[in-house]
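Hi,

Here is the structure I said I would pass on. Have a look at it, and then read on for my notes.

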Amino acid sequence: MALALLCASAVVAAPGLRGGITDSGGAYYGQPPDFFPALEELGVHLLRVHLNWGGRIGVAKRKPRDGTDVEDKAYDWRLYDRVALQAERHGIELLFTVFGTPPWANGGQAPTRAPRNVDPLREFAYAAATRYSGTYVRADGVVLPRVRYWTAWNEPNLQIGLIPQWKRVGNTWVIQSAIDYARICNAIVEGIRTTLLKGRKVACGVTAARGNNNPKGLKPSVSPLAFLRAMKKAGAAGFDAYAHHPYYGAPSETPATPSPGRGGVTLGNIDALVSEVTRLYGRKRIWITEYGYQTNPPDGVFGVSWKTQADYVRQSFAIARAHPRIDLLLWFLLRDEPDPERWQSGLISATGERKPSFEALRESLADLAG
């Protein structure tokens, strides 16, 4: 149905759909002679990268004396400066995802545990937005690029984003991840907005396509619509766009296939999410900050053929371009991960062979530019 409506919808299509890649690992660890020139060749508009507050490569491994001071000695921005400068050199804008709590802010726990007090997160967001304002000059005289696009956290409706997902209060289970996330969303939005810099856009949500809504399961999670309602109830507000990752669930699903599972939101039934965002928040913009299809080879379980992946690149961009509310569509990844048990949705194989999807994305991005 979605594909059948493409032509009819084109007259009300969102102006200026932007496309690109989500690939933090490639940006961090890929050799710049290989990674960024390939993005430039593709015509990528945006590269989404995690700007880690905490964790192994976090900016704030130690507690700063003044979290709003971009030059506080506890902050180590070197990795992210390098990424920002490489992206600028190749004509690519960044979208930074603020993610991960440092242990000093959550009682020595994992980065996926929310901070006990969100004030340090708000201060970090302010410092990050200041550093990447386009006017900040480092001590060596280098002016760092401006970052206009930001998201708050990553897939908070799954345990890879936030733990715990659920909490028992008396005889009732509450969606604790949404309660924690509302605080995180608001802190990041407020920190960036406090800079008073114009042109910044901040998205919250950043939800995964599915969740089991089973607080007693082995891996409790929350479906995206239930999470959206719960974060609204918990007070999440002030953001410019709602971000979502509408991945397929089985290789038989095309980009136009609605999610067969209850409560799931794929690209094929994205209007279920759009309608709920509209009901709760008004006509917020929709950002698809991760999307992709794994290939077979090497993934014999969830992968589609290399040709089919290329077809689905074209179809997914056609659907997004025709939708009046979708502003961004970012493909995950540029290159397959070396471990065959991990993500194999790249446009380039782990051994360096370009898949047909590389040219399909290049053509799709060129069509957007035209």
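Val98 is buried, with a relative accessible area of 0%. Its place is in strand S3, and bear in mind throughout that this is a predicted model. Leaving out residues within four places in sequence, Val98 is in contact with Leu51, Leu121, Phe124, Trp150, Thr151, Ala152, Trp153 and Ile188. Gly54 is 44 residues away from Val98 in sequence, and their C-alpha atoms are 9.5 Å apart in space.

Two of those contacts, Leu121 and Phe124, lead on to helix H5, where both are among the buried residues. The others on the buried list for H5 are Pro120, Ala125, Ala127, Ala128, Ala129 and Arg131. H5 covers residues 119-131, so to speak a 13-residue helix. From first C-alpha to last it reaches 18 Å, close to the 18 Å expected at 1.5 Å a residue.

What do the buried residues of H5 pack against? Three strands are on the list, S2 (46-52), S3 (93-99) and S4 (149-152), along with helices H4 (78-89) and H6 (176-193). H5 lies across S2, S3 and S4, and runs at about 135 degrees to S2.

Now the strands. They form a closed barrel of eight, in the order S1-S2-S3-S4-S7-S8-S9-S10, with parallel pairing. From one strand to the next, the twist averages 30 degrees.

A few of the pairings, if you want to click through them:

- S8 and S9 are paired in parallel over four bridges, and Tyr242 has Ile286 in S9 as its bridge partner.
- S9 and S10 run parallel and are joined by four bridges, with Tyr291 standing opposite Trp331 in S10.
- S1 (residues 18-22) also pairs with S10 in the parallel sense, over four bridges, and here Ile21 stands opposite Trp331.

Trp331 therefore turns up twice, opposite Tyr291 and opposite Ile21, if you follow the pairing of strands as defined by bridges. S10 itself (residues 326-331) is mostly covered, as six of its six residues are buried.

Next, have a look at His245 and Glu290. His245 lies in strand S8 (residues 241-245). It counts as buried because its relative accessibility is 0%, and buried means under 20%. The side chain of His245 makes a polar contact of 2.8 Å with the side chain of Thr289. Beyond four places in sequence, His245 is in contact with Arg48, Asn154, Glu155, Val206, Thr207, Ala208, Ala209, Thr289 and Glu290.

That brings us to Glu290 in strand S9 (residues 285-291). Is Glu290 buried or exposed? It is buried, because its relative accessible area is 8%. Which side chains does the side chain of Glu290 meet in polar contacts? One is Arg48, at 3.1 Å, and another is Tyr247, at 2.7 Å. With sequence neighbours up to four places away set aside, the contacts of Glu290 are Thr22, Arg48, Asn154, Glu155, His244, His245, Pro246, Tyr247, Leu330 and Phe332. Arg48, Asn154 and Glu155 appear in this list and also among the contacts of His245.

Thr295 is worth a stop too. Thr295 sits in the loop between S9 and helix H9 (306-322), and it is buried, with a relative accessible area of 0%. A polar atom of its side chain lies 3.0 Å from the backbone oxygen of Pro297. Not counting residues up to four places away in sequence, Thr295 touches Gly303, Val304, Ser305, Trp306, Gln309, Asp336, Gln344 and Lys355. Ser345 is 50 residues from Thr295 along the chain, yet the two C-alpha atoms are separated by 6.1 Å.

Last, confidence. The chain averages a pLDDT of 94, and 96% of the residues score at least 70. The stretch to watch is residues 1-13, where pLDDT stays under 50 and the model has 13 contacts beyond four places in sequence. Where pLDDT is low, the predicted coordinates should not be read in detail.

Cheers

Notes: Residues numbered from 1 in each chain as written. Predicted model: local features only at pLDDT ≥ 70, side-chain atom pairs only at ≥ 80, totals over all residues. Heavy atoms only, no water. Helix = DSSP H or I, 4+ residues; strand = E, 2+ residues; numbered from the N terminus. Expected span 1.5 Å × (residues − 1). Buried < 20%, exposed > 50% of the residue type's maximum accessible area, 1.4 Å probe, protein only. Contact = heavy atoms within 4.5 Å. Polar contact = N/O pair within 3.5 Å; in protein donor to acceptor, adjacent residues only side chain to side chain. pLDDT = per-residue confidence, 0-100. Pairing = 2+ DSSP bridges. Axes fitted to C-alpha atoms, helices over the stretch in contact; angles between N-to-C directions.
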